[in-house]
Structures are given as C-alpha cells and as structure tokens.
Amino acid sequence: MKRLCLFMLLVCTAGSLQAQGKEPPCADTPVDSTSPSPVYRACHVERKARVRKNGAGPQFTASPGVAASCYRATFEFVVDTAGKPELATVRRVSATSQSYGDAVEATLAELLYEPARLGNARVRQVVRFDSQLPSVQPTSASGEISGRATSSAPSGLGGARSPNC
C-alpha cells in the first residue's frame, strides 16, 4: 500500500511539472547539440571535467583606501576535449569587484582540466569556476594585498566551492 501511494505521488508530481511547463534540472539533450562536437552539462556525462592544473593566481591589487573582507568571482565556460577552457565561451556569473573579476578572467587560459567523458569518448562540458581572495588587508600605501586567492573549479554547475570568506 505504501509503495502504491509513493508511486502515485511521483506520477502526480511529474505530471504537475509537465503541466507547468517546467524543465527538469537536467534536460535530456546537450546544451548545444547542433555542433559537430556537442556541449554537455555535468549531469549528462559519466565522468565530469576535473581541474588538473590550476595555474597562477590572479594578479590583483586592491584599490587604495578600499577595505574588503573578501573578493569573489565566478565564471562558467566550456572545457574542450583536450581539457582546455574555450575562452570564447567564458561568461562571468558574478564578481564582488570588477577589477578582481578581470584579474581572475585573465588567468582562465592557464587552467588545464581532465576532460569530461561520456562512455569512452572525451566530450565538451560546461563548468563553473569559483575564485576567492579571503581576509584581504591592505599591507602598504600602494594598496598591495595580503592573502592568497583560492580557486575551485567544480566539475559542473552547482558543485563544491572553496572555503567561504
């Protein structure tokens, strides 16, 4: 009896989502299925793209007189089948500072990923890259900052993040 009730609840919920025209969290088709090399989201692949080389941190200098406890920037882009970010696909999702976002964006070309896989094939995948610089304290009159930028490049949208500022 309990199984029947659970089954009916699932059927009703699915029907309700269809009636509202809402898409499931991961659509059945790739992000871009029209190109010869489709782009997938993390939920479509069997093995998600993972960072192999993070590269140098952003070259960033805080503005004089501006004290901030944390700088953050988040980007989305496609990782190709060789594990390199496709720079033409970079999209800034958010940044707490335009200049910090610019500094992080300038380092994205240095990233190297283990490409996503679908079966035995390497595939292109959209990833989210988060970077943050916690506990920023101006150390001199020039505005140089102390602290080290930390970055995480989760394997897909909505993945784990670096420690919060």
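A residue counts as buried when its relative accessible area is under 20%, and as exposed when that area is over 50%. The exercises below apply this to a predicted model.

**Exercise 1. Describe the chain as a whole: its burial, its surface and its order of elements.**

Step 1. Start with burial. The protein chain has 165 residues, and 34% of them count as buried.

Step 2. Turn to the surface. The accessible area of the protein chain is about 9900 Å². Carbon and sulfur atoms hold 54% of that area.

Step 3. List the elements. There are two helices and 10 strands. In sequence order they read α-β-β-β-β-α-β-β-β-β-β-β.

Step 4. Check the range of the contacts. Take the contacts in the protein chain with a separation of 6 or more: 67% of them join residues 24 or more positions apart.

**Exercise 2. Find the residues and elements that build the largest nonpolar core.**

Step 1. Recall the general trend. In soluble globular proteins, nonpolar side chains tend to be buried together.

Step 2. Pick out the best-connected members. The largest nonpolar core has 21 residues, and Phe60, Phe77, Tyr100, Tyr113 and Phe129 touch the most other members.

Step 3. Assign elements. β3 (70-79), α2 (98-105) and β7 (121-134) each supply at least two residues of this core. β3 gives the most, with five residues.

Step 4. Inspect Phe77. Set aside its neighbours within four places in sequence. Its remaining contacts include Pro85, Val90, Leu108, Leu111, Tyr113, Val127 and Phe129. Glu86 and Gln125 are also among them.

**Exercise 3. Which residues does the salt-bridge network around Glu114 join?**

Step 1. Set the scene. The structure holds seven salt bridges.

Step 2. Take the pair Glu114 and Arg47. Their closest N and O atoms are 3.1 Å apart. Glu114 sits in strand β5 (residues 112-114), and Arg47 in the loop between β1 (39-40) and β2 (50-53). The two are 67 residues apart.

Step 3. Classify both ends. Glu114 has 17% relative accessibility, so it counts as buried. Arg47 has 29%, so it counts as partly exposed.

Step 4. Add Arg52. Its salt bridge with Glu114 has a closest N to O distance of 3.2 Å. Arg52 lies in β2 and Glu114 in β5, so this pair ties together parts 62 residues apart in sequence.

Step 5. Combine. Shared partners join Arg47, Arg52 and Glu114 into one network.

**Exercise 4. Are the partners in the Arg124–Glu86 salt bridge buried or exposed?**

Step 1. Get the distance. The side chains meet at 2.8 Å, N to O.

Step 2. Place the residues. Arg124 is in strand β7 and Glu86 in strand β4 (residues 85-95), 38 residues apart.

Step 3. Conclude. Both Arg124 and Glu86 are buried.

Technical notes: Residues numbered from 1 in each chain as written. Predicted model: local features only at pLDDT ≥ 70, side-chain atom pairs only at ≥ 80, totals over all residues. Heavy atoms only, no water. Core = buried A, V, L, I, M, F, W, Y, C linked by side-chain atoms within 4.5 Å. Buried < 20%, exposed > 50% of the residue type's maximum accessible area, 1.4 Å probe, protein only. Helix = DSSP H or I, 4+ residues; strand = E, 2+ residues; numbered from the N terminus. Contact = heavy atoms within 4.5 Å. Areas by Shrake-Rupley, 256 points an atom, 1.4 Å probe, with all protein chains shown as cover. Salt bridge = Lys/Arg side-chain N within 4 Å of Asp/Glu carboxyl O.
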